[in-house]
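Please open the structure in your viewer and keep the sequence beside it, because this tour moves from one selection to the next. At each stop, select what is named, turn the view until it is clear, and then read on.

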Amino acid sequence: MMDNQITNLLSKYDVTESTKSFLNSNQKMFINGAFTQGNSTESIDIIEPSTGKVLTAITAGTAQDVDDAVNAAEEALHGEWASYKPRDREHVMRKLAELIRDNLQTIAELESLDSGKAISGCKAVDIAGSANVWEYFAGWATKIEGSSRSTSMPGNYFSYTQKEPVGVVGAIVPWNWPFAMATWKLAAPLAAGCTVVLKPAEMTSLSMLYFMTLCQQAGLPNGVINIVTGRGRTVGTALTTHPKIAKVSFTGSTEVGKTVGKNVSDSVKHVTLELGGKSPMIAFNDADIDALATGTLGSIYFNAGQVCSAGSRLYVQRGIYNEVIEKIKQVAEGIKLGTGLDPDTQMGPVISKNQQKSIEQYIDIGIEEGARLVTGGYCLEEEGFYVKPTLFADTHNKMRIVQEEIFGPVLVVQPFDTEDEVIALANDNVFGLAASIWTQDISRAHRMIPKIKAGSVWVNIHDPGDPSMPFGGVKLSGIGKDLGPEQLEHYLETKSVWIKVGDNND
């Protein structure tokens, strides 16, 4: 029976009937085209972050469930899915994009209830953006090609390369972007002709289970996408070590990513790892201060700071340092906190009590290290996992709050004087996912871009996104890319073909 607080929440914000119906159903895994309990006798409670109450429960999958899903994916890879021409793959992927748009409200409601996301941003960024990703990669399905080569070996040969799907893909996605990250792990491999077994995060599996009902409506063949829910130590380990998995794509913490890397190395699987970040924002004296301050709403305070590429450390040239701090303070204090379902909410709760405690501990560490707390710095004394937007000033690079990924709405700010100084400060971190530069001097921006050690560098904006632009980091932020044509290469094998051509005397 659903908790009364959850029932009242659904009623207050008038969620769709499809959302209510889905939440009242038994949340099963999806293997070989059907929802199934599989081999599991255990379930995992799903906690709604704004109330702290149980929303529903999912199945705790087993290693045998992973094996069943992989076998189904392999059968589809060499069976019905293999018979799909590129245009057939394109059509079904475009249908999925259309169905996502048709069900945008329901998916966003489930995502908000599952993860605490503010629904307005979730609809515009997570769900609508995911439809765009499906559409983008649908177009690539008909544009995968090899090339003929002129060789110099004696004799007559026709030589060419041929692109083929890498095989069955194992995908593991994080809790901070459940639907969007799953889309990133699904669209490119399907365009390439692969099949997928996907493990959602155990705290946020609902939107992907709902998505499988849309896959059924779209006519996706059985076994092409399989969803095994459950714990990382069971499902994730079985997936990354399975002998029939050819490629693993993982997004999550750096520590877990290291374990995934070790698992796949034993069987020499292809792997993409998108891991942690501590992305710098660099503001020069000529920066647009209002734009910079407003930009923090999309960089560090969006999704309660639970963003791997969040602009979590800000370096400000000394001439505008105090003014920037004051402007960001005003922005942070004006953010409306509330339940994710409220369309007026700008920042919802963080994902869990443990995450709330972790952020609170980092805030205490920052104060102990001598950083100046400008605003925020505490959790709300109420049900739900809320953290006030927090701003620290007068930090330095030896502080833990500057070096470590907090994964919450906490911005640390420090001054600098010269370009060379700030480049050294920005690069003084184990992560290298992203960075932004704020200046009106385009020559300065171009000087700095190649010197910043990051997978993405943005100028006068932080964390824009488009399916055509690759995303991924360097250093401990991972290896490989999601999105863009670069992502397709991770799901394709290149086969070299030589055909001996006889001469006229043969």
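Begin by selecting strand β16, residues 410–416, and show its side chains: Val410, Val412, Gln414 and Phe416 point one way from the strand, whereas Leu411, Val413 and Pro415 point the other way. In a regular strand the side chains alternate between the two faces of the sheet. Whichever way they point, these side chains belong to buried residues, and the strand as a whole is mostly covered, with 7 of its 7 residues buried. As you look, keep in mind that this is a predicted model.

Now add the strands that pair with β16. Select β13, residues 311–317, which runs parallel to β16 and is joined to it over 5 bridges; one place to look is Arg313, which stands opposite Val412 in β16. Then select β15, residues 390–393, which also runs parallel to β16 and is joined to it by 3 bridges, and find Thr390, whose bridge partner in β16 is Val410. Strands of a sheet pair through backbone hydrogen bonds, either parallel or antiparallel.

For the antiparallel case, move to the open sheet of 3 strands with the order β5-β6-β22. Here β5 (148–149) and β22 (492–500) stand at the edges, each with a single partner strand, so one side of each has no neighbour in the sheet. Select β5 together with β6, residues 157–165, and follow their antiparallel pairing over 2 bridges, where Ser148 stands opposite Tyr160 in β6.

Stay with Tyr160 and turn to the aromatic rings, which form 12 aromatic pairs in this model. How far apart are the ring centres of Phe158 and Tyr160? They are 5.3 Å apart, and because the planes meet at 35°, the pair counts as tilted. Phe158 is partly exposed at 43% relative accessible area, and Tyr160 is also partly exposed, at 23%.

Next select Phe179 and Phe211, an edge-to-face pair with 5.7 Å from centre to centre and 85° between the planes. Phe179 lies in helix α8 (residues 178–192) and Phe211 in helix α9 (residues 206–218), so this pair ties together parts that are 32 residues apart in sequence. Both of these residues are buried, and if you add Trp134 you will see the cluster that ring pairs make of Trp134, Phe179 and Phe211.

With Trp134 still in view, select helix α7, residues 119–140, whose 22 residues reach 30 Å from the first C-alpha to the last, close to the 32 Å expected at 1.5 Å a residue. Look along the helix to Gly129, where α7 bends by about 30°.

Two further rings have a charged residue over the face. Lys117 lies over the face of Trp177, at 3.9 Å from the ring centre, while Arg444 lies over the face of Phe284, at 4.2 Å from the ring centre.

For the last stop, select the cysteines: how many disulfides does a search of the whole structure find? The search finds 0. Cys215 shows the reasoning for one residue, because its sulfur is 16 Å from the closest cysteine sulfur, in Cys194, which is too far for a bond. Cys215 is buried, with 2% relative accessibility, and Cys379 is buried as well, with a relative accessible area of 9%.

How values were computed:
Residues are numbered from 1 along each chain as its sequence is written. This is a predicted model: local features need pLDDT of at least 70, side-chain atom pairs count only at pLDDT 80 or more; totals for chains, interfaces and linings use all residues. Side-chain values use heavy atoms; hydrogens and water are left out. Rings of Phe, Tyr and Trp (its six-membered ring) pair if their centres lie within 6.5 Å; planes under 30 degrees apart count as stacked, over 60 as edge-to-face and the rest as tilted. Buried means under 20% relative accessible area, exposed over 50%, partly exposed in between (1.4 Å probe, protein chains only). Helices (H or I, at least four residues) and strands (E, at least two) are DSSP runs, numbered from the N terminus. A charge sits over a ring if NZ of Lys or CZ of Arg is within 6 Å of the ring centre and within 35 degrees of the ring normal. A disulfide is a pair of cysteine sulfur atoms within 2.5 Å. The expected span of a helix is 1.5 Å times one less than its number of residues. The bend at a residue is the angle between axes fitted to the seven residues ending there and the seven starting there. Two strands pair if DSSP finds at least two bridges between them.
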